[in-house]
Amino acid sequence: MQLQMQTWAEVERYLETSAMAIMPIGSTEQHGPNGLIGTDAVSAEAIALAVGQATQTMVAPTIAVGMAQHHMAFKGSMTLRPATMIQVIGDYVGSLAHHGFERFYFINGHGGNSATIEAAFQEIYTAHTLASSGSGNEPSVRCRLRNWWSGGRTRQLSKDLFGDKEGRHATPSEVSVTQYLFPDHIKDVTMDPPGPAAAGGWTDAADYRAKYPDGRIISHPDLSTPAAGKKIFDAAVAEIAEEIMTFGKG
Ligand code: NI
């Protein structure tokens, strides 16, 4: 159930029986030699829509630009500032809470977003607590963060399929998912094996590009296939659909 495909009256009826919204959130950033710039946003959105379908849960519009400053030395990447993203998340949640939504299940496509999403949740809870008068015991909204790849079965599947070729950014697992979802946009690119992981992480965009010149981090996305992507997608959707039902009751 996609919010944007409902009428206001349909949303009103939905709220009579459910107060849960799925919030897809991703990033718009380079994904190595053959990965789509939208990988983290389009994958989170597709998984969210499938989970919404399986569980009859409303899916909000995707937050498609996230924390990607370290990818900005690659053309096409876009980023929000952390403070902006915290406000965007707060306004998305606040708008829906205004109508009666109470539980917000964020399906995230980009690990780099996690700290800022958690900070946004703290802003939401803090604003509620400080605004409360009297006992301050009125219930707040509830938010949860779920990275789409982090379920046990999904992780194991990636390990079985790609082992130590998975790497850390522009992975064959995520590129496979986009190849399954968007077969018309599979890129035929030859690439050398990746360079080694740099010690000590990275700081800004120039530093990242100096350490990872083609954008990926020790991954072999040339191993990506639509068939692998379908397996990973199906596993993630099944796992998240199970979990989301418990969130509604917690
Ligand atoms: Ni990604």
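Which order do the four strands of the open sheet have, and in what sense do they pair? I looked this up first. The order is β2-β1-β3-β4, and the pairing is parallel.

**Entry: ground rules.** I am working from a predicted model, where local features need pLDDT of at least 70, side-chain atom pairs count only at pLDDT 80 or more, and totals for chains, interfaces and linings use all residues. Residues are numbered from 1 along each chain as its sequence is written, and side-chain values use heavy atoms, with hydrogens and water left out.

**Entry: the sheet.** I took strands (E, at least two residues) and helices (H or I, at least four) as DSSP runs, numbered from the N terminus. Two strands count as paired if DSSP finds at least two bridges between them. The edge strands are β2 (58-59) and β4 (142-147), each of which pairs on one side only. I then looked at β3, residues 103-108, which pairs with β4 in the parallel sense over six bridges. β3 also pairs with β1 in the parallel sense, over six bridges. For single positions, I noted Met20 opposite Arg103 in β3, Ile107 opposite Arg146 in β4, and Asn147 in β4 as the bridge partner of Asn108.

**Entry: cover of β3.** I used buried for under 20% relative accessible area, exposed for over 50%, and partly exposed for values in between (1.4 Å probe, protein chains only). Six of the six residues of β3 are buried. In a regular strand the side chains alternate between the two faces of the sheet. I checked both faces of β3: Arg103, Tyr105 and Ile107 on one side are buried, and so are Phe104, Phe106 and Asn108 on the other.

**Entry: the nickel ion.** Which protein residues are donors of the nickel ion? I found His31 (NE2), Asp40 (OD) and Glu174 (OE), at 2.0 to 2.1 Å from the ion. Donors here are N, O and S atoms within 2.8 Å of the metal (3.2 Å for Na, K and Ca); water is not among the atoms, so sites may look incomplete. The spacing of the donor residues in sequence is H-x8-D-x133-E. Asp40 sits in helix α2 (residues 39-55) and Glu174 in helix α6 (residues 172-181), so this pair, 134 residues apart, links distant parts of the chain. Asp40 counts as buried because its relative accessible area is 2%. Glu174 is buried too, at 11%.

**Entry: Gln30.** Gln30 lies in the loop between β1 (20-25) and α2. Its relative accessible area is 5%, so Gln30 is buried. A polar atom of the Gln30 side chain lies 2.7 Å from the backbone nitrogen of Gly32.

**Entry: the largest pocket.** I recorded about 530 Å³ of space in the largest pocket. On a 1 Å grid over the protein atoms alone, a pocket is an open set of points with protein on both sides within 12 Å along at least five of seven lines; a cavity is a set where a 1.4 Å probe fits but cannot get out, and lining residues have an atom within 4 Å of a point. Grid points are joined across faces, edges and corners, and a volume is the space filled by probe spheres set on the points. The pocket has 23 lining residues, and Trp149, Arg168, His169, Thr171 and Glu174 are the closest to its centre. Helix α5 gives the largest share of the lining, three residues.

**Entry: the cavity.** I counted one cavity of 30 Å³ or more, and its volume is about 50 Å³.

Note on methods: A polar contact is a pair of N or O atoms within 3.5 Å; within protein, one must be able to donate a hydrogen and the other to accept it, and residues adjacent in sequence count only if both atoms are side-chain atoms.
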